[in-house]
Amino acid sequence: MPREEGLGPAEAPRSRSPAELAAIALAVAEEAGAIALDGWRSPLAVSHKGRTDLVTDRDLASEALMRRRLAELTPEIPMIGEEADGDPAVRSARLGRVWYCDPIDGTTNFAHGHPHWCVSVGLLEDGAPLAGAVYAPVIRARWTGYRGGPALRNGEAVRTSLTEDVTEAFVATGFPYGGRELEPDNNFASFERVKRVVQAVRRCGSAALDCCFVAEGTYDAYWERILKPWDVAAGLAIVLAAGGRVTHLDLSPLYLERGKVLVSNGRLHEAMSRLILGE
Ligand code: LIP
């Protein structure tokens, strides 16, 4: 079918397997993670994209490495990164394969010397998660996953949890930058409703890591209302490979540009959706 003009690059050849692409994602994440780690708890050049939305010189160096290496390894696949929002035509096309990369997910933690941050390299195919790798250098953890394959943590297979009772659930969430958004986008009411029912709620500050913790069964579910595609492109591929479920908060099929992400072990998904939405 001829592609309409202005939809971005021609559809990438689908020659590489998801397994090969996950291995490429991990190799690039490890190189970028080493660059970021070198600046962790060191003097940083920090600037503000918004009142609380930070970017450091390490975010920029990590993303530059990602862009260079992915162009070398997969020249046929475009890349969208957090710090250079990328060609809107590519983001809106939802066709073919596109890398979505977060050079440091958990930038606020990183900038304050907190260990909970990672590098995330995800691949979407026609808008859906195909493969991904997340590398958290300080905690020495690497997760990979791809469609039809296993989810791995440091080379060991992982699966989502078996928790079925929402009152026993150990879950995570996050809040948008600024925190001045109005309800429901500030997530305050959802947090209160969930907190009153589940066993515990964590807010650790990295969407990619929160997804990986669901994939490995540490968390039973995670949700957030205002996320960018690069925050979760890799993490969602890993959750799906681990047998988890991924939707919007209202259980509709996920379109990453909309944010409003709910991931879980599948067993708790509908109960979590009702609590989050107050239904
Ligand atoms: C962060 C997410 C986190 C969310 C923050 C921010 P960043 O991404 O990982 O879950 O709560 O608001 O979006 O900006 O550190 O790459």
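Let's start at the ligand: one of its oxygen atoms sits 2.8 Å from a polar backbone atom of Ala207. I count a polar contact as a pair of N or O atoms within 3.5 Å. This is a predicted model, where local features need pLDDT of at least 70, side-chain atom pairs count only at pLDDT 80 or more, and totals for chains, interfaces and linings use all residues. Residues are numbered from 1 along each chain as its sequence is written, and side-chain values use heavy atoms, with hydrogens and water left out.

Next, the side chains. Arg203 has a side-chain N or O atom 3.0 Å from an oxygen atom of the ligand. For Glu224, a polar side-chain atom is 2.5 Å from a ligand oxygen. Alone, the ligand has 380 Å² of accessible area, and the protein covers 96% of that (Shrake-Rupley, 1.4 Å probe).

Which residues come nearest? Of the 16 around the ligand, they are Asp105, Gly106, Tyr177, Ala207 and Glu224. Near means a heavy atom within 4 Å.

Now the shell by class. Five residues are nonpolar, five polar and six charged. Tyr and Ala count as nonpolar, Asp, Glu and Arg as charged, and Gly as polar.

Where does the shell come from? Two elements give two or more residues: β4 (97–105) and β12 (221–224). Strands here are DSSP E runs of at least two residues, and helices are H or I runs of at least four. β4 gives the largest share, three residues. Domain 1 (18–158) and domain 2 (166–277) each supply at least three; the bounds are from an automatic or database assignment.

Two backbone points to finish. Most residues other than glycine have a negative phi, and most peptide bonds are trans. The Glu183 to Pro184 bond is cis, omega near -5°. Pro184 is in the loop between β10 (170–173) and α5 (188–195). Leu251 has a positive phi, near 75°. Its loop runs between β13 (245–248) and β14 (261–264).

Notes: A polar contact is a pair of N or O atoms within 3.5 Å; within protein, one must be able to donate a hydrogen and the other to accept it, and residues adjacent in sequence count only if both atoms are side-chain atoms.
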